[in-house]
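Me: I'd like a close look at one part of this protein, namely its salt bridges. Could you walk me through them in one go?

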Amino acid sequence: MSKAFTKETDSDADDDGADGASPPLPAGSKNYITPEGYARLRDELLQLMDEERPKIVETVHWAAKNGDRSENGDYLYGKKRLREIDRRIRFLTKRLEIAEITDPSVHHGRDQVFFGATVRYVDETGDERSVTILGIDEAESAKSQVSWISPIARALLKSREGDVVKLVTPGGAHEVEILSVSYPAPRPAAA
C-alpha cells in the first residue's frame with residue numbers, strides 16, 4: 001500500500017490520557033479540580049492555541065515552501081509537533097469541559113478530610129508524611145500532592161484527625177493514623 005493512504009498519527013490511542021499527562025477518569029466519576037488547577041490548565045490551553053501553535057504553523061508553512069518535504073527536517077518536525085499540540089489541545093478542552101471546580105477553602109478550620117485537604121499522617125513504621133489531595137489533572141507527586149482517586153486519598157477521605165484508617169496496597173493492608181488536617185484559608189471577597 002502506498003504511504004499516501006496510511007493514517008498519519010504517532011499512535012492510535014484515544015486522546016483521553018494519550019499524551020501521558022493524566023490517567024483516564026474512573027467511569028461515572030467527576031473531574032474534581034481546584035480553582036487554581038483549573039486556571040493552570042486553562043492558561044496552558046490558551047498558551048498553546050494563541051502562541052505555540054501559530055509559531056509552529058508558521059514554521060511548517062515556511063518549510064513547505066522550501067521544496068522536498070521528505071527530507072526537510074523543519075517540515076517533518078513541525079508537522080509532528082503540530083500533531084502533539086493538537087492532541088494536547090483536544091485533551092485539555094475535554095478535561096476543562098467536564099471539570100467540576102471545588103474550592104477546598106470552604107472546609108477551612110475543619111478536621112475532616114475532603115478534597116483539597118493537606119493531611120499529615122503516620123504509618124505503622126513511624127514514618128510521618130504529608131499529602132495534599134487534589135484533582136487528577138493537577139496533582140504532582142514530587143510536591144506531595146496525590147490524586148483524589150489514589151489509594152492513600154481514598155483511605156483518608158471522610159476520616160478525621162486522630163482516626164486510624166486502613167490503607168490497602170499491593171503489598172498488603174497497612175494502618176495509618178491521621179495527625180492533622182488543614183485547608184487553605186478562604187480568599188477575601190472581591191470588592
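To set the scene, what pattern of helices and strands does the protein follow, read along the sequence?

Reply: Happy to help. A note first: this is a predicted model, in which local features need pLDDT of at least 70 and side-chain atom pairs count only at pLDDT 80 or more, while totals for chains, interfaces and linings use all residues. Residues are numbered from 1 along each chain as its sequence is written, and side-chain values use heavy atoms, with hydrogens and water left out.

Read along the sequence, the pattern is β-α-α-β-β-β-β-α-β-β, with 3 helices and 7 strands in the protein. Helices (H or I, at least four residues) and strands (E, at least two) are DSSP runs, numbered from the N terminus.

Now to the salt bridges. The term stands for a side-chain nitrogen of Lys or Arg within 4 Å of a carboxyl oxygen of Asp or Glu. A search of the whole structure finds 13 of them.

Let's begin with R88 and E44, whose closest N and O atoms are 2.8 Å apart. This pair links distant parts of the chain: R88 belongs to helix α2 (residues 73–98) and E44 to helix α1 (residues 35–64), 44 residues apart. R88 is buried, at a relative accessible area of 15%, whereas E44 is partly exposed, at 27%. Here buried means under 20% relative accessible area, exposed over 50%, and partly exposed in between (1.4 Å probe, protein chains only).

Another salt bridge joins the side chains of E52 and R81, at 2.4 Å from N to O. E52 lies in helix α1 and R81 in helix α2, so this pair ties together parts that are 29 residues apart in sequence. E52 counts as partly exposed, with 22% relative accessibility. Both residues also belong to a network of salt bridges that links E52, K80, R81 and E84.

Next comes R95, which forms a salt bridge with D137; their closest N and O atoms are 2.6 Å apart. R95 is in helix α2 and D137 in the loop between β4 (128–134) and β5 (145–147), so the pair ties together parts that are 42 residues apart in sequence. R95 and D137 are both buried.

For the wider setting, buried residues make up 33% of the 191 residues in the protein. Among contacts (heavy atoms within 4.5 Å) with a separation of 6 or more, 60% are between residues 24 or more positions apart.
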